[in-house]
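Student: I would like to learn how to read a structure step by step. Could we go through one together?
Tutor: Gladly; let us have it in front of us.

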Amino acid sequence: MKIEAFSKADEEGVLRLYKEFNEDRIASGVGDAQYKYIEGEMPWSRTLTDEDCFTLVLKEKNIVLGFITVRIPQFNPFHKVGKLAEVDLIVVERKLRRKGIGSFLFNTAQANLKTLSVTHILLNVKVGNLPALNFWHRMGFKKVSDTEYNRSDGMKEKTVYMVKKV
Ligand SMILES: CC(C)(COP(=O)(O)OP(=O)(O)OC[C@H]1O[C@@H](n2cnc3c(N)ncnc32)[C@H](O)[C@@H]1OP(=O)(O)O)[C@@H](O)C(=O)NCCC(=O)NCCS
């Protein structure tokens, strides 16, 4: 297994995993993830690598088995506190979970962020997503707040915000 930067050849593999993730979300009752890079005015794959973002893919025999997308927003209102990055999404192939792939992807992304002088990583997780909450806790993230809001499609979304000092 190797981790490399996302390229156009990985589009289909990443989309396949994204769809798996979204199906699980819908089945669990929290609604469609509505990631803007799947639909909307910009082709989704461009957003995976736009100027604020990088995506890493884990592959075996050219099959994408996991990916992580991290954003480093250019506008950082907390610049006096530090340089922030945000995990947009991490997904590991369903059948291959609990084998260390997610840790490998996150640790590789974190090492990249260190070279970019990032000091804090933020993310948010849906309240019912226990595997992800446990995973991020294990990766050293701490809960900082939670919130509930009504989405435009009528779904209520309960979200936990987490942070890790790099
Ligand atoms: C979250 C996710 C990326 C974790 O990937 P993974 O490859 O299974 O993670 P790892 O094998 O590296 O797990 C590392 C540790 O995280 C914790 N963890 C991971 N999955 C867990 C689960 N289902 N239940 C409890 N703890 C879990 C464990 O402590 C685990 O260590 P252990 O297996 O030695 O006990 C994966 O479950 C996934 O793709 N989920 C669907 C997409 C998703 O929800 N993404 C997060 C959006 S915020």
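Student: How many residues surround the ligand, and which are the closest?
Tutor: Keep in mind that this is a predicted model. There are 19 residues around the ligand, and the closest are Arg 97, Gly 102, Ser 103, Pro 131 and Asn 134.

Student: Which helices and strands supply at least two residues of that shell?
Tutor: The strand is β4 (84-92), and the helices are α3 (101-115) and α4 (130-138). The most comes from α4, which gives 5 residues.

Student: How does the shell divide into nonpolar, polar and charged residues?
Tutor: The shell around the ligand has 10 nonpolar, 5 polar and 4 charged residues.

Student: Let me pick one of the closest residues. Where is Ser 103 placed, and is Ser 103 buried or partly exposed?
Tutor: Ser 103 sits in helix α3. To judge burial, count the other C-beta atoms within 10 Å: 20 or more would make a residue buried, and 12 or fewer exposed. Ser 103 has 13, so it is partly exposed. As for distance, its C-alpha atom is 9.3 Å from that of Trp 136, although their positions lie 33 residues apart along the chain.

Student: How can I check the length of α3?
Tutor: Compare the expected span with the model. At 1.5 Å a residue, the 15 residues of α3 should span 21 Å, and the end C-alpha atoms are 22 Å apart, which agrees.

Student: Which residues of α3 are buried, and what covers them?
Tutor: The buried ones are Gly 102, Leu 105, Phe 106, Ala 109 and Leu 113. These buried residues cover an arc of only 90° around the axis, so they lie on the same side of α3. Their cover includes β1 (2-5), β2, β3, β4, β5 and α4. On the face turned away from that buried side, α3 carries the exposed residues Ala 111, Lys 114 and Thr 115. Just after the helix, Ser 117 takes a positive phi of about 65°.

Student: What should I look for in a core?
Tutor: In soluble globular proteins, nonpolar side chains tend to be buried together. Here the largest nonpolar core has 29 residues, and Val 14, Leu 56, Phe 67 and Ile 68 have the most contacts inside it. At least two residues of this core come from each of α1 (11-27), β2 (53-60), β3 (63-71), β4, α3 and β5 (120-126).

Student: Which residues does Leu 56 contact, leaving aside its neighbours within four places in sequence?
Tutor: Leu 56 is in contact with Ile 3, Ala 5, Phe 6, Phe 67, Ile 68, Leu 105, Thr 108 and Ala 109. Among these, Leu 105 and Ala 109 are buried residues of α3.

Technical notes. Residues are numbered from 1 along each chain as its sequence is written. This is a predicted model: local features need pLDDT of at least 70, side-chain atom pairs count only at pLDDT 80 or more; totals for chains, interfaces and linings use all residues. A residue is near a molecule or strand if its C-beta atom, placed from the backbone, lies within 6 Å of it. Helices (H or I, at least four residues) and strands (E, at least two) are DSSP runs, numbered from the N terminus. Ala, Val, Leu, Ile, Met, Phe, Trp, Tyr, Cys and Pro count as nonpolar, Asp, Glu, Lys and Arg as charged, and the others, Gly among them, as polar. A nonpolar core is a set of buried Ala, Val, Leu, Ile, Met, Phe, Trp, Tyr and Cys residues joined through C-beta atoms within 7 Å. Two residues are in contact if their C-beta atoms, placed from the backbone, lie within 7 Å. The expected span of a helix is 1.5 Å times one less than its number of residues. The arc is that of the directions from the helix axis to the C-beta atoms.
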